[in-house]
Structure formats: structure tokens, C-alpha cells
Amino acid sequence: MAAVVLVAFLVPLLIRLRKTAEESERLLRRMNEDLPVLFNEATQAAINMNQIVTEVREGAACARVLGEAIGEIGQTINHVHGAVRGGAGSLLTNLSSLLAGFRAAYGVFKQKSSSHHEGGSSNGD
């Protein structure tokens, strides 16, 4: 009687184990078919990422060089602006002094001219 109970218990267990083994075998076959494709895709993705990283590094290097060039241009503009401001200030000072000199000279010539004309007219009369 114990043998019958044991057989009645083992037969469904063995049937279930056989089905599980068959499903495992199908899964392994499918994995063997899919894994090479997945590995190729993963390899291609890694290659693409390496290319992107290289391009980003090159772009960053170009951006750094461009930034440095823009900074130097900014410094040059600042120097030129300072020179123009300083030069314009001294130019205005020089022009102002020159005009003051012309005014003084004109005043002197005007005085001499008017005194000469006044003296000449009184002497000639």
C-alpha cells in the first residue's frame, strides 16, 4: 500500500519535472539564439558611446579655445577702450589748450590791431 501511495505521489512529480526540464531547454535554446544578437548590440552601443565621448571631449576642447580667444578679445577691447578714453581725454585737453591759446593770441592781435588803428587815426589827424 505504501508503494502505491509513493508511486501515486512520484508520477505527477516526475511529469511536472519533465515539463519544467523541457521549458528550461527551450529557454536555453532561445537564449543561445538571442545572446549573440544582444552582445553585438551591446558592443555597438559601447562603440557609439565611445565615439560620442570623444566628440564631446573634442567639442569641449574647441569651446575652451574659443572661450580663451573671446576672453583675449575682450581684454583687447578693454585695453583699446581704456586707451581711447585716455587718449580722448588728453586729446580734448590738448584741443582745449590749443583753443585757449588761439583765443589769447586773437585777443592780443585784436588789442594791437585796435590800438594801432586808434593810434594811426589820431596821429594822422
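1. The chain folds into 1 helix and 0 strands. This is a predicted model, and the points below should be read with that in mind. The helix, helix 1, covers residues 2-124.

2. On confidence, the mean pLDDT of the chain is 81. Residues at 70 or more account for 84% of the chain. Residues 121-125 have a pLDDT below 50. In the model, this stretch makes 0 contacts beyond near neighbours in sequence. Helix 1 is assigned as far as residue 124, and residues 121-124 therefore belong both to the helix and to the stretch with pLDDT below 50.

3. Burial is simple to report: of the 125 residues in the chain, 0% are buried. The cut-off for buried is under 20% relative accessible area. The exposed area of the chain is about 11200 Å². Carbon and sulfur atoms supply 66% of that area.

4. A nonpolar surface patch involves Leu 6, Phe 9, Leu 10, Leu 13, Leu 14 and Leu 17. Its area is about 580 Å². One of these residues, Leu 6, lies in helix 1. Leu 6 has 47% relative accessibility and so counts as partly exposed, since that class runs between 20% and 50%.

5. A search of the whole structure returns 2 salt bridges. Each is taken in turn below.

6. One salt bridge joins the side chains of Arg 18 and Glu 22, with an N to O distance of 3.6 Å. The cut-off applied is 4 Å. Arg 18 and Glu 22 are 4 residues apart in helix 1, so about one helical turn separates them. Glu 22 counts as partly exposed because its relative accessibility is 39%.

7. The side chains of Arg 29 and Glu 25 form a salt bridge at 2.4 Å, N to O. Both residues lie in helix 1, and the spacing is again 4 residues, about one turn of the helix. Arg 29 has a relative accessibility of 46% and is therefore partly exposed. Glu 25, at 42%, is partly exposed as well.

8. To sum up, the predicted model has 1 helix and 0 strands, with 0% of its residues buried. The local features discussed here are the nonpolar patch that includes Leu 6 and Leu 17, the salt bridge between Arg 18 and Glu 22, and the salt bridge between Arg 29 and Glu 25. Residues 121-125, with pLDDT below 50, are the stretch flagged for confidence.

Conventions:
Residues numbered from 1 in each chain as written. Predicted model: local features only at pLDDT ≥ 70, side-chain atom pairs only at ≥ 80, totals over all residues. Heavy atoms only, no water. Patch = residues over 30% accessible without salt bridge, like charges linked within 9 Å, V, L, I, M, F, W, Y side chains within 5 Å. Areas by Shrake-Rupley, 256 points an atom, 1.4 Å probe, with all protein chains shown as cover. Helix = DSSP H or I, 4+ residues; strand = E, 2+ residues; numbered from the N terminus. Buried < 20%, exposed > 50% of the residue type's maximum accessible area, 1.4 Å probe, protein only. pLDDT = per-residue confidence, 0-100. Contact = heavy atoms within 4.5 Å.
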